[in-house]
Amino acid sequence: MPELLGPVAIPEPGTVGVFPVTLDYSSVEVREPQVVVHRFGTLDAKVEQRFLDGPGVCRFQVQLARLTPARRSAVVEFFEARRGSYQPFTLQIAEPDGTVADYTARFAEPSLSLDASSDGSWRGSVELVEVPTSTPSYAVTSTETRFPGSALKAALLAQTQVAIPLVRIAAGEHVLHLSDRRIVIGGNLYQPRLMSWGGISQTMGEEADQASFVFGNGDRVFTSLVNLVDLFKAEIEFSAFHAGTGVKIDIWKGFVGSWSFDGGPEFRIEAHDGLYALRLGYPARKIVRQDSDPRRAFAIPNQPVNVGGKKGISRITSVSVANDTAYGRPVKDI
């Protein structure tokens, strides 16, 4: 059965084809997992702590040198058949002992660039990403907020850390678990959708805290999701899982304010905390006379009023449009 992101089924492209060039071990550079450096503001900013960004995925930097026109055409046709970075394939790398190792990989970028040399050959560099065949699983020993407990506090003194970012979005009955890798934490499967995030902060003033998240949308899953699920004011939480201790740290929580996407592979969400709504100069809805969608406005029909009744003037009932100043103006969002 296909996996779901909310009510939307995630397409599962099968592994098709073998990379048309058998690579030598010397032409492939295996990139190490990413390391995040946190620099403290004290001691002239000379103190830093390094965080290992989890085991992550294996990346291959492949050097394609002296490709003949025929092999160049084979690489280009293979890239177009895989629809860029969409469909995985089998990558064969010759090991130093003479054996050939098979990996499941896909192109990291949606474009391919090859340069022509003066001798009529072609060359270029291609980055490939290994598709994991297994899903790591971790158990959550405890959940903490802001201030670490004694076990986590002692573990954070180590030279390197493994911190895995987690995002949880709750929109009505649908709950989305997202991360930058495919992983199971606390019994929940986190889909590898999180590309980047920023703006997460905690201030002591009166301003609201805002955050932004970028998710992968190359297969248009998020496009189908927002057509079926209303993400406006959905709860969104950002956490970090400390793999060494099994502690899940809830860092930030807010509400989805807006989202945007285009023909590219990115889906962006702008979120804010609860203080944001209390400081709005005006809400999103206004009073109008009629509106087919109640989420956009408050529809108020014309009200019948009595006119007349004084000496010499008969009393009549009429439909009035009095107090027109209320229409088209914002209403407090409580």
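Which residue of β11 is the bridge partner of F107? I looked up this pair before the rest of the chain, and in β11 the partner of F107 is L128. I note at the outset that the model is predicted.

**Entry 1. The chain as a whole**

I recorded four helices and 26 strands in the protein chain. Of its 334 residues, 29% are buried. I then took the contacts between residues at least 6 apart in sequence, and 58% of these join residues at least 24 apart. The exposed surface of the protein chain comes to about 20400 Å². Carbon and sulfur atoms supply 53% of that surface.

**Entry 2. Strands β8, β9 and β11**

I returned to the strands around the opening pair. β9 pairs with strand β11 (residues 122–130) in the antiparallel sense, over three bridges. β9 also pairs with β8, again in the antiparallel sense, and here I found six bridges. Within this second pairing, T104 in β9 stands opposite T90. I looked at the connection as well: β8 and β9 form a hairpin with five residues between them. In the turn, G98 has a positive phi of about 95°.

**Entry 3. Helix α1**

I checked the length of helix α1, which covers residues 69–81. Its 13 residues, at 1.5 Å a residue, should span 18 Å, and the end C-alpha atoms are 18 Å apart, so the expected and modelled spans agree.

I then listed the buried residues of α1, namely V75, V76, F78 and F79. They lie on the same side of α1, because they cover an arc of only 160° around the axis. On the other side of α1, I found A70, E77 and E80 exposed. What do the buried residues of α1 pack against? I found β7 (59–67), β8 (89–94), β9 (100–107) and β10 (114–116). The hairpin strands of the previous entry, β8 and β9, are thus among the packing partners of α1.

**Entry 4. Two residues with positive phi**

Most residues other than glycine have a negative phi. I therefore noted the exceptions that follow, with this general tendency in mind.

R83 follows α1 and is found in the loop between α1 and β8. Its phi is near 55°, a positive value in a residue other than glycine. R83 is exposed, with a relative accessible area of 56%.

K233 is placed in the loop between α3 and β20. Although K233 is not a glycine, it has a positive phi of about 65°. Is K233 buried, partly exposed or exposed? At 44% relative accessibility, K233 counts as partly exposed.

**Entry 5. Helix α3**

In α3, I found V221, F222, T223, L225 and V226 buried. The buried residues of α3 pack against β1 (4–5), β2 (8–9), β15, β19, β21 and β22.

I examined two residues of this helix individually. T223 is in helix α3 (residues 221–228). T223 has a relative accessible area of 18%, which is under the 20% cut-off, and T223 therefore counts as buried. Leaving aside neighbours within four places in sequence, T223 is in contact with N217 and F261.

L228 is also found in helix α3. Unlike T223, which is buried, L228 is exposed, with a relative accessible area of 60%. Which residues does L228 touch, not counting residues up to four places away in sequence? I found P7 and V8. I also looked at L228 and G6, which are 222 residues apart in sequence, and their C-alpha atoms are 9.2 Å apart in space.

**Entry 6. Nonpolar cores**

In soluble globular proteins, nonpolar side chains tend to be buried together. I looked for such groups here.

The largest nonpolar core has 26 residues. Those with the most contacts inside this core are V167, I169, L178, F213, F215, L231 and I236. The elements that give two or more residues to this core are β14 (160–171), β15 (174–179), β19 (210–216), α3, β20 (235–242), β21 (247–261) and β22 (266–272). Of these, α3 gives the most, with four residues.

I followed I169 further. Leaving aside neighbours within four places in sequence, its contacts include H174, V175, L176, L178, F215, L231 and I269.

A second, separate core has 20 residues. L23, L64, F89 and L114 are among them.

Definitions and conventions: Residues are numbered from 1 along each chain as its sequence is written. This is a predicted model: local features need pLDDT of at least 70, side-chain atom pairs count only at pLDDT 80 or more; totals for chains, interfaces and linings use all residues. Side-chain values use heavy atoms; hydrogens and water are left out. The expected span of a helix is 1.5 Å times one less than its number of residues. Buried means under 20% relative accessible area, exposed over 50%, partly exposed in between (1.4 Å probe, protein chains only). The arc is that of the directions from the helix axis to the C-beta atoms. Contact means heavy atoms within 4.5 Å. Two strands pair if DSSP finds at least two bridges between them. A nonpolar core is a set of buried Ala, Val, Leu, Ile, Met, Phe, Trp, Tyr and Cys residues joined through side-chain atoms within 4.5 Å. Accessible areas come from the Shrake-Rupley method with a 1.4 Å probe; for residues, only the protein chains shown count as cover.
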